[in-house]
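Notebook open. I want to look up the empty spaces in this model and one helix pair.

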Amino acid sequence: MRAWAELLRVSALFSVPGDALAGAAAVGRRPGRGTALAIGASLCLYEAGMALNDWADRDEDAVDRPHRPIPSGRISPAAALGAAGLLTAAGLALAARAGRPALTVATGLATTVWAYDLGLKHTKAGPAAMAAARSLDLLLGAAATATPPPSAGATVTAGRAPGGRRAGDRAAGAPAPASGNALPSPGAPTASAPVLPGSAVTSAPPGLAALPAALVLGAHTYGVTAVSRHETTGGSTRTPLAVLVTTTALAAAVLGEWRRESPGDPAAATADSARARHATTISPAAFGTAPRVAARLVRAVGPAASPRPAALPDRLPGRTLADSTRLLTLAFTGAYLRTAGPPLLHAVLNPSPPLTQRAVGGGIRAMIPLQAVLAARAGSPVTGLAVMALVPLARSLARKVSLT
């Protein structure tokens, strides 16, 4: 059992559920059945990637990491490859139960994982492929959550969203449909993207609103992967320094948006409403070297890139909720910097293999507070708190099973 725990790196599993939860928050929905299926699919595909990674690296590990399960003989190469195949099939099956959009995203995620482990990992495209995998994982949660369950009819009683959940329960605070109007069938504009009279009716894939958050998570993953390429040899000061700058830029981008939000501001509410009517478009050139990714994401998560939570009422409960959400966003951002920053700084000052490995481990653990930041920033503080509850579990298990 310990050999399989090491092969699958089970201590890193706690960085996975937050992807789907942050994706659900980004589309303004509470976690539901689709979110749970997305989490299950993500866990399976993540573990498939871990098993496939060690199978593909078995010859290299025999030299650099002879203690790993395959080179040490505790797990056979055939068993590891078989586990990767079964876990991939299980992940796709779970995604299929969440709907066709979720299965489409999961198929792209599985393809990216296998392409990374079998060929892209040792190329310059490796960090970008891993970043794409994490971004797709968040989009998987968004698509699965935004897709109505099969049991939901094409029309729903006014004031309720698919699945029987009240439309007013949406975490992003989007307004409920007008009384007497039925919600459209999947693929048509929903209450979160109102259509004004005279405007063209366009349909967007479920979960597309989560694209800015997915790019933020992808940029962080890009940096962690870039550092991990030196974890056995060390000697790189430039890479951890660039990733440290990227980490700081991501935190500044999130906090910059947090400071610009002004609940109760009619101008901000009008701008939010206008942005909600247009799909977000991010240039494919958004992925590049780590510093360039950070610079572009500062603009990507700005007020012109994605809809912000609707303005809260200018009453005491609304102001209290807004203040609490902002304080949580600030606290989660601090936890993100505290988790990722110091190990990167140590690797900059002394780029030895042990400190580089610690920087990689810190970057993996920092994904959890980053997911919490993205959820709280989207107006789902409870989801953010649920994600942060995984931190002590991840820290405890990391002491028993290495993250890298």
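Which residues line the second largest cavity? I am working on a predicted model. I list Ser 11, Ala 12, Phe 14, Ser 15, Ile 364, Arg 365, Ile 368, Ala 394 and Leu 403. The volume of this second largest cavity is about 40 Å³. I sorted its lining by class and got 6 nonpolar, 2 polar and 1 charged. α13 gives the largest share of that lining, with 3 residues.

**Entry: the cavity search**

I searched the whole structure and got 3 cavities of 30 Å³ or more. For the largest cavity I noted a volume of about 60 Å³. I then looked up its lining. From the 200s come His 220, Val 224, Val 227, Val 243 and Thr 247. From the 300s come Ala 340, Leu 344, Ala 359, Val 360, Gly 362 and Gly 363.

Which helices supply at least two residues each to this lining? I found α8 (211-228), α9 (238-260), α12 (316-349) and α13 (353-377). α13 again came up with the largest share here, 4 residues. By class, the lining of the largest cavity has 7 nonpolar and 4 polar residues, and no charged ones.

**Entry: an open pocket**

Next I turned to the second largest pocket. I noted a volume of about 880 Å³. Its lining takes in 39 residues. Nearest the centre of this pocket lie Met 50, Asn 53, Tyr 116, Met 130 and Ser 228. Two or more lining residues come from each of α3 (33-56), α4 (58-64), α6 (100-118), α7 (126-146), α8 and α13. I looked for the largest share and found it in α3, with 7 residues. I divided the pocket lining by class into 14 nonpolar, 11 polar and 14 charged residues.

**Entry: α6 against α7**

Both helices were on the pocket list, so I looked up how they pack. Their axes are 9 Å apart, and the angle is about 160°. Angles over 145 degrees count as roughly antiparallel, so α6 is roughly antiparallel to α7. The crossing of α6 past α7 is left-handed.

Which residues of α6 make the contact? I wrote down Pro 101, Ala 102, Val 105, Ala 106, Gly 108, Leu 109, Thr 112 and Tyr 116. On the α7 side I noted several, among them Gly 126, Met 130, Leu 136, Asp 137 and Ala 144. By class, this contact has 15 nonpolar, 3 polar and 1 charged residues. Tyr 116 and Met 130 take part in this contact, and both were in my pocket entry as residues nearest the centre.

Conventions: Residues numbered from 1 in each chain as written. Predicted model: local features only at pLDDT ≥ 70, side-chain atom pairs only at ≥ 80, totals over all residues. Heavy atoms only, no water. 1 Å grid on protein atoms, 1.4 Å probe; cavity = no way out; pocket = protein on both sides within 12 Å on 5 of 7 lines; lining within 4 Å. Points joined across faces, edges and corners; volume = space filled by probe spheres on them. Nonpolar A, V, L, I, M, F, W, Y, C, P; charged D, E, K, R; others polar. Axes fitted to C-alpha atoms, helices over the stretch in contact; angles between N-to-C directions. Parallel < 35°, antiparallel > 145°, perpendicular 65-115°, else oblique. Left-handed = near helix turned anticlockwise from the far one by under 90°. Contact = heavy atoms within 4.5 Å.
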